[in-house]
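Trainee: I am new to this one. Could we go through it together, a topic at a time?
Mentor: Certainly. Please bring up the structure, and we shall start with a single residue.

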Amino acid sequence: MIVLDTNIISAVTAERPDPVIINWLNAQSPSELFTSTVTVFELWIGVEGLPPGRRRDELGHRTAQMLSVLFVQPPLVLSEQAARLAAALMGRRRRAGIVVDHRDTMIAGICLAHGATLATRNIRHFADAGLVLIDPWDEAAGT
């Protein structure tokens, strides 16, 4: 099970989709790809943050299309278990003086609750979460 972070999906819904990510996604089994409701929220924030007009409409269309085509399963939710795991991670981070966005911490909690791997470009946001992480851009670069 691989959960796709927002930056992975955004790389595909961009006006010029990133060929590295398209190739990486094509190499994955569709039944293994998931996202979270937190990522869906972040994607739609990106759309809704644009002023009304053609650009916003096109991004909204690409986002809706990608979410319906890319995933066989519905997005993973922040269940009670995931929320507790995210809260424990947030508590450890606060005690250590580490500041990470709440949304990324919720995504980490969802991945922890499902024993999922997280595909993201933001490795440093998740490095202390105890997750298996994949950076498709690094894989493509051979690092």
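Trainee: Is Ser36 buried or exposed?
Mentor: Ser36 is buried, and its relative accessible area is 0%. Please keep in mind that this is a predicted model.

Trainee: Where is Ser36 placed?
Mentor: Ser36 lies in the loop between E2 and helix H3, which covers residues 37-48.

Trainee: And which residues is Ser36 in contact with, leaving aside neighbours within four places in sequence?
Mentor: With those neighbours left aside, Ser36 is in contact with Val3, Pro75, Leu76, Ile107 and Ile110.

Trainee: Let us turn to the sheet. In what order do the strands come?
Mentor: The order is E2-E1-E3-E4. These 4 strands form an open sheet, and their pairing is parallel.

Trainee: Which strands stand at the edges?
Mentor: Strand E2 (33-34) and strand E4 (133-134) do. Each has a single partner strand, so one side of each is left without a neighbour in the sheet.

Trainee: How many bridges join E3 to E4?
Mentor: Strand E3, residues 117-119, is joined to E4 by 2 bridges. As one of the details, Ala119 has Ile134 in E4 as its bridge partner.

Trainee: Now the interior. Which residues touch the most other members in the largest nonpolar core?
Mentor: They are Leu4, Leu25 and Leu70, in a core of 19 residues. Two or more residues each come from strand E1 (2-4), helix H1 (6-13), helix H2 (19-26), H3 and helix H4 (54-70). H1 gives the largest share, 4 residues.

Trainee: What does Leu70 touch, not counting residues up to four places away in sequence?
Mentor: On that basis, Leu70 touches Leu4, Ile9, Leu25 and Leu33. There is also a second, separate core of 16 residues, with Val38, Leu76, Leu89 and Ile107 among them.

Trainee: Why would such residues group together inside?
Mentor: As a general tendency in soluble globular proteins, nonpolar side chains are buried together.

Trainee: One last topic: what volume does the largest pocket have?
Mentor: Its volume is about 160 Å³.

Trainee: Which residues line the largest pocket?
Mentor: The lining consists of Val12, Ile22, Leu25, Asn26, Gln28, Pro30, Leu33, Met66, Val69 and Leu70. At least two lining residues are supplied by H2, and at least two by H4.

Trainee: How many of them are nonpolar, polar or charged?
Mentor: The lining has 8 nonpolar residues, 2 polar ones and no charged ones. Leu25 and Leu70, which are in this lining, also appeared in our discussion of the largest nonpolar core.

Key
Residues are numbered from 1 along each chain as its sequence is written. This is a predicted model: local features need pLDDT of at least 70, side-chain atom pairs count only at pLDDT 80 or more; totals for chains, interfaces and linings use all residues. Side-chain values use heavy atoms; hydrogens and water are left out. Two strands pair if DSSP finds at least two bridges between them. Buried means under 20% relative accessible area, exposed over 50%, partly exposed in between (1.4 Å probe, protein chains only). Contact means heavy atoms within 4.5 Å. A nonpolar core is a set of buried Ala, Val, Leu, Ile, Met, Phe, Trp, Tyr and Cys residues joined through side-chain atoms within 4.5 Å. On a 1 Å grid over the protein atoms alone, a cavity is a set of points where a 1.4 Å probe fits but cannot get out, and a pocket is an open set with protein on both sides within 12 Å along at least five of seven lines; lining residues have an atom within 4 Å of a point. Grid points are joined across faces, edges and corners, and a volume is the space filled by probe spheres set on the points. Ala, Val, Leu, Ile, Met, Phe, Trp, Tyr, Cys and Pro count as nonpolar, Asp, Glu, Lys and Arg as charged, and the others, Gly among them, as polar.
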